[in-house]
Amino acid sequence: MKLNGSRLVKGIALVAALSLVASCSLLPRSGPSKKEIFAGSVQQQGDSFIVVVNDRVTRAASVTPALGFSKAFRNAGVVGSDTIRAGDTLGLTIWENTDNGLVVPAGQNATVLEEVQVDGAGFIFVPYAGRIKAAGNSPEAIRRIITNKLSDQTPDPQVQVRRIAGDGATVSVVGAVGAQGVYAIERPTRTLAQMLARSGGVSTRPEIAKVTVVRGKHSGSVWFNELYDHPGHDIALRGGDRIIVEQDTRSFTALGATGQQSRLTFESQTISAIEAIAQVGGLSSTLADPTGVFVLRNEPEAIARQIMGRNDLVGTQRVAYVLDLTQPNGLFLARDFAIRDEDLVYVTEAPIVTWNKTVSALTGSLGSLSSAATLATDGFSQ
């Protein structure tokens with residue numbers, strides 16, 4: 001009984017060990033292996049293209065979003081700060097050279113009309129001068145019109161017209177700026193950069209601050225730094241413009257044998273594969289397979305056709321770019337390969353890691369089963 005029981009338990013242990021080796025894919029790990037990803041390729045009846053990164057692929061795939069304003073924005077001239085518009089507010093001061101003036105109270109030599117609103121049709125009303133066309137005229141032209149109207153009724157009237165900030169020539173500035181609000185387009189704030197300075201500048205990191213201008217049904221965006229690097233982006237403003245400043249919202253996800261597994265935002269306008277790996281703490285020195293660094297993305301049809309050299313591809317294609325950092329130019333390719341919004345950077349585990357896990361699980365299992373066999377044998381011998 002002792003011999004048969006021992007053989008039975010040892011047989012069970014051997015079968016369990018063989019089963020464990022056969023099912024090593026069930027061992028805990030950070031994700032699919034390099035071999036498994038290749039098995040899911042189009043060439044293996046899968047639904048994704050496996051593309052080995054080289055210089056040609058790097059040039060074709062490294063497309064970064066181009067921001068900028070259309071010609072309509074860039075060709076718009078600077079608005080004259082003296083031109084009055086519907087919705088503006090004016091301040092009038094009238095002097096009369098007589099004791100019994102038309103609009104000046106008795107005992108005073110001048111009267112002040114504050115906040116005279118230019119109506120929707122572009123007119124203002126001035127006592128004894130009537131309705132006067134203000135929109136499209138400068139304060140000086142309006143001054144002459146009022147003076148002429150009053151000259152027929154009072155001797156030598158003197159008129160001063162000044163423009164006060166109103167909602168007819170204003171822009172709204174919101175988002176990551178020092179002081180959100182509605183600002184008038186005045187002589188010092190007639191361009192985008194000037195208006196941003198007036199609102200306190202950007203309150204997020206300048207290198208990843210994106211500025212969007214909405215004008216009616218049209219909009220355009222530009223990186224904040226480019227306003228100063230490329231003066232052509234410093235467009236002239238128009239009344240009613242909306243200026244939105246926001247931090248770059250692009251991100252990528254890092255998984256697998258890296259120092260950190262998480263979703264991260266872009267820290268600069270462009271980021272390379274090697275920078276993305278560095279941002280998550282680099283490759284794990286005990287787990288990573290440097291020959292199996294993947295960048296997975298949904299590639300637009302035009303780029304996918306160019307990379308694959310095929311004209312029969314229709315629609316967005318799933319592409320898994322593979323980088324081999326052990327190649328002589330592997331690090332250079334990773335440095336030049338651009339990461340895009342919503343990319344997945346995945347680093348596979350080295351084959352030896354799976355083997356070590358298998359051996360560890362096997363020896364641990366055999367040790368447990370050996371102990372069980374000893375207990376069982378002792379039980380049979382009793």
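This report describes the fold, sheets, cores and selected backbone features of a predicted protein model.

## Overall architecture

The protein chain of this predicted model contains 11 helices and 16 strands. Of its 382 residues, 41% count as buried. The accessible surface of the chain amounts to about 20,000 Å², and carbon and sulfur atoms contribute 53% of that area.

Among contacts in the chain with a separation of 6 or more, 65% are between residues 24 or more positions apart.

## Three-stranded open sheet

One open sheet is built from three strands in the order 3-2-6, with antiparallel pairing. Strand 3 (110-117) and strand 6 occupy the edges; each has a single partner strand, so one side of each is left without a neighbour in the sheet. On average, and with direction ignored, neighbouring strands of this sheet are turned by 15 degrees against each other.

Seven bridges link strand 2 (residues 89-95) to strand 6 in the antiparallel sense. In this pairing, threonine 89 is placed opposite isoleucine 164 of strand 6. Helix 5 packs on the sheet through contacts with strand 2 and strand 6, and the direction of the helix makes about 145 degrees with that of strand 6.

## Pairings of strand 12

Strand 12 (residues 251-256) pairs with strand 13 (residues 262-265) in the antiparallel sense over four bridges. The two are joined by a hairpin through five residues. Serine 251 stands opposite threonine 265 in strand 13.

Strand 12 is also joined to strand 16 (residues 344-349) by four bridges, and these two strands run parallel. Here threonine 253 faces leucine 344 of strand 16.

## Helix 9 and its packing

Helix 9 (residues 301-308) has three buried residues: Ile303, Ala304 and Ile307. Viewed down the helix axis, the buried residues fall within an arc of 100 degrees, so they line one face of helix 9. An α-helix has 3.6 residues a turn, so residues three or four places apart point the same way. The face turned away from the buried side of helix 9 carries the exposed residues Ala302 and Gln306.

The buried residues of helix 9 pack against strand 1 (49-52), helix 3 (55-61), strand 14 (288-299) and strand 15 (317-323). Just after helix 9, glycine 309 adopts a positive phi of about 65 degrees.

## Nonpolar cores

The largest nonpolar core comprises 33 residues, of which Val51, Phe252, Ile307, Tyr321, Leu323, Phe337 and Ile339 touch the most other members. Ile307 is thus listed both here and among the buried residues of helix 9. Apart from this core lies another, of 22 residues, which includes Val173, Val211, Phe224 and Leu227. In soluble globular proteins, nonpolar side chains tend to be buried together.

When neighbours within four places in sequence are left aside, leucine 323 is in contact with Val53, Ala273, Pro290, Thr291, Gly292, Val293, Val295, Leu333 and Ala334.

## Positive phi outside glycine

Most residues other than glycine have a negative phi. Tyrosine 128, however, has a positive phi near 70 degrees. Tyrosine 128 is located in the loop between strand 4 (123-126) and strand 5 (130-133). Its relative accessibility is 47%, so tyrosine 128 counts as partly exposed, a class that lies between the limits of 20% and 50%.

Aspartate 156, likewise not a glycine, has a positive phi of about 45 degrees. Aspartate 156 belongs to the loop between helix 5 (139-151) and strand 6 (158-164).

Technical notes
Residues are numbered from 1 along each chain as its sequence is written. This is a predicted model: local features need pLDDT of at least 70, side-chain atom pairs count only at pLDDT 80 or more; totals for chains, interfaces and linings use all residues. Side-chain values use heavy atoms; hydrogens and water are left out. Buried means under 20% relative accessible area, exposed over 50%, partly exposed in between (1.4 Å probe, protein chains only). The arc is that of the directions from the helix axis to the C-beta atoms. Contact means heavy atoms within 4.5 Å. Accessible areas come from the Shrake-Rupley method with a 1.4 Å probe; for residues, only the protein chains shown count as cover. A nonpolar core is a set of buried Ala, Val, Leu, Ile, Met, Phe, Trp, Tyr and Cys residues joined through side-chain atoms within 4.5 Å. Two strands pair if DSSP finds at least two bridges between them. Axes are lines fitted to C-alpha atoms, for helices over the stretch in contact, and angles run from 0 to 180 degrees between N-to-C directions.
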